[in-house]
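Visitor: I should like to go through the reasoning behind the terms used for this structure. Please set each value against its criterion.

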Amino acid sequence: MQHIFLLSAYETSAMEFFNRLETEKTDLVLDVRLNNSSQLCGFTKEKDLSFLVPRLTGAVYIHDLDLAPTKGLLDLYTHKKIGWDDYEAEYLHLLNERGGEALYHERYDPYQSVCLLGTKTRKRRSHNEALFEVIRRGI
């Protein structure tokens, strides 16, 4: 059975981040963030993780926009125009329209330990939590 866990790209140190990947015996870091290239991402920018993850942990790093929210939806949530419940519902609707659960299983079922990389902070939740629940139900 596949092991899936959540990790946030924010409010974590590189040491904590990579230690967690090692502890979980991660073979796939699945980045489901929409935005992963700004300076705010620090060491978790796509270009850095695509280099560091395989070298430090032996895992594969993949950025999958099919499992990310749209810019419009994310903006509504991050600018506090909608709350978590509405954001989650809209994200799940979008995921369903895209066939996200089937895409996940088609692309990532061969991996044993998957890290769903999101953007949770102390003040806001991340859509990777909703994705996790969808995948967990289907396993």
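Visitor: Why are α4 and α6 called oblique to each other, rather than parallel or perpendicular?

Guide: The model is a predicted one, and in it α4 and helix α6 (residues 127–138) pack at an angle of about 55°. Roughly parallel requires an angle under 35 degrees, and roughly perpendicular requires 65 to 115. The value of about 55° fits neither range, and α4 and α6 are therefore oblique to each other. Their axes are 10 Å apart, and α4 passes α6 in a right-handed crossing.

Visitor: Which residues make the contact of α4 with α6?

Guide: On α4 they are Trp84, Tyr87, Glu88, Tyr91, Leu92 and Leu95. On α6 they are His127, Ala130, Leu131 and Val134. By class, this contact has eight nonpolar residues, one polar and one charged.

Visitor: What makes α5 and α6 roughly perpendicular to each other?

Guide: The axes of helix α5 (residues 100–108) and α6 cross at roughly 70°. The class of roughly perpendicular covers 65 to 115 degrees, and α5 and α6 therefore belong to it. The two axes come within 10 Å, and the crossing of α5 over α6 is right-handed. Glu101, Tyr104 and His105 of α5 meet Val134, Ile135 and Gly138 of α6. Three of these residues are nonpolar, two polar and one charged.

Visitor: Why is α1 described as oblique to α2?

Guide: Helix α1 (residues 14–23) and helix α2 (residues 46–57) pack at about 50°, with axes 10 Å apart. Since roughly parallel ends at 35 degrees and roughly perpendicular starts at 65, this angle makes α1 oblique to α2. The crossing of α1 past α2 is right-handed. Phe17, Phe18, Leu21 and Glu22 of α1 touch Leu49, Leu52, Val53, Leu56 and Thr57 of α2. These residues divide into seven nonpolar, one polar and one charged.

Visitor: How do you know that the buried residues of α1 are on the same side of the helix?

Guide: The buried residues in question are Phe17, Phe18 and Leu21. They cover an arc of only 85° around the axis, which puts them on the same side of α1. The face turned away from that buried side carries the exposed residues Met15 and Thr23. As for partners, the buried residues of α1 pack against β1 (3–8), β2 (28–31), α2 and β4 (113–118).

Visitor: What makes the buried residues of α3 line one face of the helix?

Guide: In helix α3 (residues 71–78), Leu73, Leu74 and Tyr77 are buried. Seen down the axis of α3, they fall within an arc of 95°, so they line one face. These buried residues pack against α4 (84–98).

Visitor: Why does Phe5 count as buried?

Guide: Phe5, in strand β1, has a relative accessibility of 4%. The cut-off for buried is under 20%, so Phe5 counts as buried. Beyond its neighbours within four places in sequence, Phe5 is in contact with residues including Arg20, Leu21, Val114, Leu116 and Phe132. Ser113 is also one of its contacts; Phe5 and Ser113 are 108 residues apart in sequence, and their C-alpha atoms are 7.9 Å apart in space.

Visitor: Why is Thr78 called partly exposed?

Guide: Thr78, found in helix α3, has a relative accessible area of 27%. Buried means under 20% and exposed means over 50%; Thr78 is therefore partly exposed. Its C-alpha atom is separated by 18 Å from that of Leu131, 53 residues apart along the chain.

Visitor: What makes Lys25 and Lys80 exposed?

Guide: Exposed means over 50% relative accessible area. Lys25 has 68%, so it is exposed; Lys80, at 74%, also counts as exposed. Lys25 is in the loop between α1 and β2, and Lys80 lies in the loop between α3 and α4.

Visitor: Why is the phi of Lys25 and of Lys80 worth stating?

Guide: Most residues other than glycine have a negative phi. Phi of Lys25 is near 55°, a positive value in a residue other than glycine. Phi of Lys80 is likewise positive, near 60°. Lys25 comes just after α1, while Lys80 follows α3.

Notes. Residues are numbered from 1 along each chain as its sequence is written. This is a predicted model: local features need pLDDT of at least 70, side-chain atom pairs count only at pLDDT 80 or more; totals for chains, interfaces and linings use all residues. Side-chain values use heavy atoms; hydrogens and water are left out. Axes are lines fitted to C-alpha atoms, for helices over the stretch in contact, and angles run from 0 to 180 degrees between N-to-C directions. Helices (H or I, at least four residues) and strands (E, at least two) are DSSP runs, numbered from the N terminus. Angles under 35 degrees count as roughly parallel, over 145 as roughly antiparallel, 65 to 115 as roughly perpendicular and the rest as oblique. A crossing is left-handed if the near helix is turned anticlockwise from the far one by less than a right angle, and right-handed if clockwise. Contact means heavy atoms within 4.5 Å. Ala, Val, Leu, Ile, Met, Phe, Trp, Tyr, Cys and Pro count as nonpolar, Asp, Glu, Lys and Arg as charged, and the others, Gly among them, as polar. Buried means under 20% relative accessible area, exposed over 50%, partly exposed in between (1.4 Å probe, protein chains only). The arc is that of the directions from the helix axis to the C-beta atoms.
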